[in-house]
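Student: I have a structure open and would like to learn how to read its features. Could you walk me through them?

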Amino acid sequence: TYWSPADMATDNTERLLGELLSDVKYLIAQNADQHSRLTAVERFQWKMVGIATAIPTVVSSIGLSLKFILP
């Protein structure tokens, strides 16, 4: 068969669009993976903030209760 320049351009365009679509899908998958890791790190940080807030609160509550209980 005879290939015209228009056919070649169409094939090349379709190939480039396919490669572009593949690259976009890869980037989306990478972004989803990074998002899940970032979410895990943020959860850990918020747990540490909660613990860092709870410990002084508990210690100061115990100290105040001892101050009022003991003569």
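Tutor: Happy to! Let's start with surface patches: they are made of residues with over 30% relative accessible area and no salt bridge, where like charges are joined within 9 Å and nonpolar side chains (Val, Leu, Ile, Met, Phe, Trp, Tyr) within 5 Å. Accessible areas come from the Shrake-Rupley method with a 1.4 Å probe, and for residues only the protein chains shown count as cover. A salt bridge is a side-chain nitrogen of Lys or Arg within 4 Å of a carboxyl oxygen of Asp or Glu.

Before the case itself, a word on the source. This is a predicted model, in which local features need pLDDT of at least 70 and side-chain atom pairs count only at pLDDT 80 or more, while totals for chains, interfaces and linings use all residues. Residues are numbered from 1 along each chain as its sequence is written, and side-chain values use heavy atoms, leaving out hydrogens and water.

Student: Which residues form the nonpolar patch on the surface?

Tutor: Phe44, Met48, Ile51, Ile55 and Val59, with about 480 Å² of accessible area together.

Student: Is Met48 buried, exposed or partly exposed, and what is the rule?

Tutor: Buried means under 20% relative accessible area, exposed over 50%, and partly exposed in between (1.4 Å probe, protein chains only). Met48 has 38% relative accessibility, so it counts as partly exposed.

Student: What is the secondary structure of the chain?

Tutor: Helices (H or I, at least four residues) and strands (E, at least two) are DSSP runs, numbered from the N terminus. Here there is one helix and zero strands. Helix 1 covers residues 5–69, and Met48 lies in it. Of the 71 residues in the chain, 1% are buried. The chain exposes about 6600 Å², with 70% of it supplied by carbon and sulfur atoms.

Student: How many salt bridges are there?

Tutor: Side chains of opposite charge can pair when their charged atoms come close. By the 4 Å rule, the count is two. In one, Glu19 pairs with Arg15, their closest N and O atoms being 2.6 Å apart. Both lie in helix 1, four residues apart, about one turn of the helix. Glu19 is partly exposed at 40%, and Arg15 is partly exposed at 45%.

Student: Where is the salt bridge of Arg37?

Tutor: Arg37 pairs with Asp33, with 3.2 Å between the closest N and O atoms. Because they are four residues apart in helix 1, about one helical turn separates them.
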